[in-house]
Amino acid sequence: MQPLDNPAWHALTGPQSTVAEAVERAIRYRPEYSVFSALPDHPDPHDWQALATLVGGTAPALLTTTADAPAGWQFLGSFAVRQMVLERSVAMDTAAVARLGTDDLAELTDLVRLAKPGPWSERTHELGDFFGVRMDGQLVAAAGQRMHLTGHIEISAVSTHPDARGHGLGAVVTIATADAIVARDALPFLHVMADNADAIRLYERVGFVVRRSFDFGLYQPAA
């Protein structure tokens, strides 16, 4: 398996080990950072037992892969996802984009909660750099970085305020975030829901291609 086939595991056992907590080979982001847990590429029943200990009792675990869970686990469902990687660099005017800082956190959080691009936790913004565009002083578009693997960094939380859609701002903040990743000699990648055709077209327009399709799986230990 390639690292991008199990991205959370390779992030948490690599560059993002400082924001991880683990029980043996089961690992997850500390909950204040992200919702994802992870198992090795080829987990065994002992790894699943460690995951149950890690998530605590009967709490669910969200994995960036699906696997055949052993007895004692319930498969709650999955989310069909397209994983996309940057294939070519598209020139775009990003002069209006600014790096976001601590003073922008409240507005960034409000925008993400309004746009609902995906999971967002109290300290998600600390996982990487975030960039945004303002109109009339209001933050109306933003994107940032989440999973960091060796040689790969994920673009996440791409958000546009409903009143500012139709101006290409989602593309602009995506490109600005991708440019910052490339400047670090890493390959940008992202995840998008498989049924979000508009978002997939946007990412294709700015140079991303689908690397693979797979599911994020939600599992729960039996009571």
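This is a short talk on the fold, the strands, the charged pairs and the main pocket of one protein chain.

Good morning, everyone. One caution before we start: this is a predicted model.

Let's begin with the whole chain. It holds five helices and eleven strands. Its C-alpha atoms fill a box of roughly 55 × 35 × 30 Å, taken along the principal axes. Is that what a compact globule would give? Let me put it another way: what radius of gyration does the protein chain have? The value is 18 Å. A compact globule with 223 residues would come out near 17 Å, so the two agree. As for burial, 50% of the 223 residues count as buried.

Now the early strands. Find β1, residues 20-23, and β2, residues 26-29. They pair in the antiparallel sense, over four bridges. Look across the pair, and Glu-21 stands opposite Arg-28 in β2. The hairpin between these strands has two residues in it. There, Glu-24 takes a positive phi near 55°.

Stay on β2 and look at its side chains. In a regular strand, side chains alternate between the two faces of the sheet. Here, Ala-26 and Arg-28 point one way. Ile-27 and Tyr-29 point the other way. Are these four buried or exposed? All are buried.

β2 has another partner. That is β3, residues 36-38, joined to β2 by two bridges and running antiparallel. Ile-27 stands opposite Ala-38 in β3. The hairpin from β2 to β3 passes through six residues.

Next, charged pairs. Side chains of opposite charge can pair when their charged atoms come close. How many salt bridges does a search of the whole structure find? Twelve. I'll show you three of them, and then a network.

Take Glu-32 and Arg-30. Their closest N and O atoms are 3.2 Å apart. Glu-32 has a relative accessible area of 23%, so it counts as partly exposed. Arg-30 is partly exposed as well, with 24%. The cut-off for buried is under 20%, which means neither residue qualifies.

Compare Glu-154 and Arg-146. These side chains meet in a salt bridge at 2.8 Å, N to O. Glu-154 is buried, and so is Arg-146.

The third pair is Arg-201 and Asp-198, at 2.3 Å, N to O. Both lie in helix α5, residues 197-205. They sit three residues apart, about one turn of the helix. Arg-201 counts as partly exposed, because its relative accessibility is 47%. Asp-198, with 56%, is exposed. The line between those two classes is drawn at 50%, so the partners of this bridge fall on either side of it.

And the network? Salt bridges that share partners join Asp-5, Arg-211 and Arg-212 into one.

On to the pocket. Rolling a probe the size of a water molecule over the atoms shows where empty space is left. The largest pocket holds about 860 Å³ of space. It is lined by 36 residues. Which of them are closest to its centre? They are Pro-117, Val-158, Asn-196, Ala-199 and Tyr-203.

Several elements build that lining. β5 (73-86), β9 (152-160), α4 (169-182), β10 (187-193) and α5 each supply at least two residues. Which gives the most? β9 does, with seven residues. By type, the lining divides into 19 nonpolar, ten polar and seven charged residues.

Last topic: backbone angles. Most residues other than glycine have a negative phi. Two loop residues here go the other way.

One is Lys-116, with a positive phi near 55°. Lys-116 lies in the loop between α3 (105-115) and β7 (130-135). Its relative accessibility is 65%, so Lys-116 counts as exposed.

The other is Asp-185. Its phi is positive too, about 60°, although it is not a glycine. Where does Asp-185 lie? It is in the loop between α4 and β10. At 73% relative accessibility, Asp-185 counts as exposed.

To recap. The chain has a radius of gyration that agrees with a compact globule. β2 pairs with β1 and is joined to β3. There are twelve salt bridges, and β9 gives the most to the lining of the largest pocket. Thank you.

Technical notes
Residues numbered from 1 in each chain as written. Predicted model: local features only at pLDDT ≥ 70, side-chain atom pairs only at ≥ 80, totals over all residues. Heavy atoms only, no water. Salt bridge = Lys/Arg side-chain N within 4 Å of Asp/Glu carboxyl O. Buried < 20%, exposed > 50% of the residue type's maximum accessible area, 1.4 Å probe, protein only. 1 Å grid on protein atoms, 1.4 Å probe; cavity = no way out; pocket = protein on both sides within 12 Å on 5 of 7 lines; lining within 4 Å. Points joined across faces, edges and corners; volume = space filled by probe spheres on them. Nonpolar A, V, L, I, M, F, W, Y, C, P; charged D, E, K, R; others polar. Pairing = 2+ DSSP bridges. Rg over C-alpha atoms; globule rule 2.2 N^0.38 Å.
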